[in-house]
Amino acid sequence: MAEQQHVKPLAPAAFRDEEEALSTQLNLRKRRYVQCCGCISALSLILAVVVLVLFFTLFRIHDPKIKINSVTIQRLELINGSLRNDVNVTLLADVSVTNPNVATFKFSNSTTLIYYGGRVIGEAIHLQGQAKARRTLLRNVTVELDPEKIEAAPSFRSDLNSGAFSISSYSTISGRVKILKIVKKRVVVRLNCTTTYRISGRQFVGESCRPELDF
């Protein structure tokens, strides 16, 4: 008896067309998925670079600066080689606070101390305020000086004979810079200044200032 041969029937043409269409759709979906992942990765990388650039440039907090523009003394009167103790000696200073940041620098009450002969001869309290973004705030500081403390300095007589007094000032401003409620930094700005007051010309000369910063 002749062996019966089994012949595998061919798949219908319609079925083959469905398999090809399904394979094409899967490949297209994979390609779109890869493209989508690539776009998301590229956007994430660009966003990270932008954030880093903003952090190190726009969002970077710079140091506020204090500058004493001018200083004058009122009612410094001498009688027979002595200061008049019945008149308050007043020191007037024109002070500027420059804020180079993109956010407002808000500061609390600050102080200025005036030294002569290593002693404090006057103190002033500045009220709280704010320097707007990339602006300069101008303020007038008035310090009442104690004539008795000036005369009590060991170098008063020699300075009086030379016609010049060496005076130092120490100012402190404590505040905070906050950018978009994300970046916050507390800043304490200190300024040490030394200047010479010439009695004959009633003016200050040779001012030298040294700023100090704490974060």
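The exercises below, each with a worked solution, concern a predicted model of a protein chain.

**Exercise 1. The chain as a whole**

Describe how many helices and strands the protein chain has, and what share of the residues counts as buried.

Solution. Begin with the elements: the protein chain has three helices and twelve strands. Next, turn to burial, where 29% of the 215 residues of the chain count as buried. Then consider the surface, of which the chain exposes about 14800 Å², with carbon and sulfur atoms supplying 55% of that area. Finally, look at the contacts between residues at least 6 apart in sequence, among which 63% join residues at least 24 apart.

**Exercise 2. A patch of charge**

Find which residues gather in the patch of positive charge on the surface, and determine whether Lys 181 is buried or exposed.

Solution. The first step is to list the members of the positive patch, which are Lys 106, Arg 176, Lys 178, Lys 181, Lys 184 and Arg 186. The elements that give two or more residues to this patch are strand 10, covering 164-179, and strand 11, covering 183-198. The second step is to place Lys 181, which is found in the loop between strand 10 and strand 11. The third step is to classify Lys 181: its relative accessible area is 70%, and because exposed means over 50%, Lys 181 counts as exposed.

**Exercise 3. Two residues in neighbouring strand numbers**

Decide for Ser 169 and for Lys 185 whether each is buried, partly exposed or exposed.

Solution. Start with Ser 169, which lies in strand 10 and has a relative accessible area of 13%. Since buried means under 20%, Ser 169 is buried. Leaving aside residues up to four places away in sequence, Ser 169 touches Ile 68, Leu 113, Ile 114, Leu 191, Asn 192 and Cys 193. Continue with Lys 185, whose place is in strand 11 and whose relative accessibility is 31%, so that Lys 185 counts as partly exposed. To finish, relate Lys 185 to Phe 105: these residues are 80 apart along the chain, while their C-alpha atoms are separated by 9.9 Å.

**Exercise 4. A nonpolar patch**

Identify which residues make the nonpolar surface patch of about 290 Å², and state where Ile 46 lies.

Solution. First, name the residues of the nonpolar patch, which is made by Leu 43, Ile 46 and Val 50. Second, locate Ile 46, which lies in helix 1, spanning residues 13-56. Third, check the accessibility of Ile 46, which is exposed because its relative accessible area is 52%, where the cut-off for exposed is over 50%.

Notes:
Residues numbered from 1 in each chain as written. Predicted model: local features only at pLDDT ≥ 70, side-chain atom pairs only at ≥ 80, totals over all residues. Heavy atoms only, no water. Patch = residues over 30% accessible without salt bridge, like charges linked within 9 Å, V, L, I, M, F, W, Y side chains within 5 Å. Areas by Shrake-Rupley, 256 points an atom, 1.4 Å probe, with all protein chains shown as cover. Salt bridge = Lys/Arg side-chain N within 4 Å of Asp/Glu carboxyl O. Lys, Arg positive; Asp, Glu negative; His and termini not counted. Charge placed at Lys NZ, Arg CZ, Asp CG, Glu CD. Helix = DSSP H or I, 4+ residues; strand = E, 2+ residues; numbered from the N terminus. Buried < 20%, exposed > 50% of the residue type's maximum accessible area, 1.4 Å probe, protein only. Contact = heavy atoms within 4.5 Å.
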